[in-house]
Amino acid sequence: MRLSKRLYNITKFVPMQTILADIGTDHCYIPIYLRQEGIVKHVFASDINPGPLDNAIKHINKYNITGIETRLSNGLENFTDDDSIETVIIAGMGGAMMIDILEKACLNTVKRLILQPQLGQNKVRKFLHQKGFRIIDEEFLEDEGKFYTIIVAEVGDETYSDEYFYEYGYHVVNKANSDFQKYLFIRGKTFERIFRNFTNFKDREKVDNLKAEYKIYKQTLKYIELK
């Protein structure tokens, strides 16, 4: 199984011989790859809809893979401690939905979360800290013209003193790889274009939010330059 750059980078954070739940598995690409490579002991491939699970089963049969169990579930609702899940992957959905899934989940046996929110990354980071998780690593990457952030968390206490670490990620900012620097350059150009048309904005709250976002953006640039 050959994975996209985004999916492959997610698999890099999966511990060896873990019991994994892939939530929103869709075509089951990640579980199949992980079992092919002998990385995981067992995988639960889960989705909320029967259609994606049918696709997952077809792919499992196509590659003749064992050690993958499919399960219909709204997030982690149909899982219990008896499943002994140690690692959870949730990728390709919005941050608010991700938070809702984790809020309702039973996580007593879970040691690691691997999350790839499409948006609302700052809210996901704050949620993790509020729920007793520390962010041990992050990966920022570009894949087929789109930017993605992978957040890896384990049980532990942690808070960030600066808002820009919640906005962009402590590990992302400190690595400041070429993909992230490209993203910051594009974001800067976007701010410039918005501010040129600022007089057309009637919504005071939206203007204040944009100014706050721009302040965080500038603080991030300054931190990268000084470190």
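Which residues touch the most other members of the largest nonpolar core? In this predicted model, they are L76, I90, L113, L115 and L128, within a core of 41 residues.

## Nonpolar cores

Nonpolar side chains tend to be buried together in soluble globular proteins. Here the largest such core comprises 41 residues. One of the residues that touch the most other members is I90. Beyond its neighbours within four places in sequence, I90 contacts I23, M98, I101, L102, I114, L115 and Q116. Of these partners, L115 also belongs to the group that touches the most other core members.

Another core lies apart from the largest one and has 26 residues. Its members include L3, V40, I65 and Y148.

## Pockets

A probe the size of a water molecule, rolled over the atoms, shows where empty space is left. The largest pocket holds about 580 Å³ of space. Its lining consists of 31 residues, and those nearest the pocket centre are I23, G24, T25, D26 and A91. At least two lining residues come from each of α1 (5–11), β1 (18–23), α2 (29–36), β2 (40–47), β4 (87–93) and α4 (95–104). By class, this lining contains 14 nonpolar, nine polar and eight charged residues. I23 thus has two roles in this description, as a contact of I90 and as a residue of the pocket lining.

The second largest pocket encloses about 270 Å³. It is lined by 16 residues, with Q118, Q121, F140, T149 and Y183 closest to its centre. The elements that each supply at least two lining residues are α5 (121–130), β7 (146–155), α6 (163–168) and α8 (178–196). Among the contributors, β7 gives the most, with four residues. The lining divides into seven nonpolar, five polar and four charged residues.

## Internal cavity

The model has one cavity of 30 Å³ or more, and the volume of the largest cavity is about 60 Å³. The residues that line it are L76, F79, T80, I85, C106, L107, T109 and V110. Six of these lining residues are nonpolar and two are polar, with no charged residue. L76 appears both in this lining and among the residues that touch the most other members of the largest core.

## Salt bridges

Side chains of opposite charge can pair when their charged atoms come close. The structure contains 16 salt bridges. One of them joins E86 to K111, with the closest N and O atoms 3.8 Å apart. E86 belongs to the loop between β3 (68–72) and β4, and K111 to the loop between α4 and β5 (112–117), so this pair ties together parts that are 25 residues apart in sequence. K111 is exposed, at a relative accessible area of 54%.

R112 pairs with E154, and here the closest N and O atoms are 2.6 Å apart. This pair links distant parts of the chain, with R112 in strand β5 and E154 in strand β7, 42 residues apart. R112 is buried, with a relative accessible area of 16%, whereas K111 is exposed.

Within helix α8, K189 and E192 form a salt bridge at 3.9 Å, N to O. Residues three or four places apart in an α-helix point the same way, because the helix has 3.6 residues a turn. K189 and E192 are three residues apart in α8, and are therefore separated by about one helical turn. Both ends of the pair are partly exposed: K189 has a relative accessible area of 40% and E192 one of 41%. Elsewhere, E69, R71 and D83 are joined into one network by salt bridges that share partners.

## The enclosed helix α5

Is α5 largely enclosed or exposed? Seven of its ten residues are buried, so the helix is largely enclosed by the rest of the structure. The buried residues are Q121, N122, V124, R125, F127, L128 and H129. Their cover includes α4, β5, β6 (133–143), β7 and α6.

Two of these buried residues recur in the features above. L128 is one of the residues that touch the most other members of the largest core, and Q121 is one of those closest to the centre of the second largest pocket. After α5 comes G132, which has a positive phi near 85 degrees.

Conventions
Residues numbered from 1 in each chain as written. Predicted model: local features only at pLDDT ≥ 70, side-chain atom pairs only at ≥ 80, totals over all residues. Heavy atoms only, no water. Core = buried A, V, L, I, M, F, W, Y, C linked by side-chain atoms within 4.5 Å. Buried < 20%, exposed > 50% of the residue type's maximum accessible area, 1.4 Å probe, protein only. Contact = heavy atoms within 4.5 Å. 1 Å grid on protein atoms, 1.4 Å probe; cavity = no way out; pocket = protein on both sides within 12 Å on 5 of 7 lines; lining within 4 Å. Points joined across faces, edges and corners; volume = space filled by probe spheres on them. Nonpolar A, V, L, I, M, F, W, Y, C, P; charged D, E, K, R; others polar. Salt bridge = Lys/Arg side-chain N within 4 Å of Asp/Glu carboxyl O.
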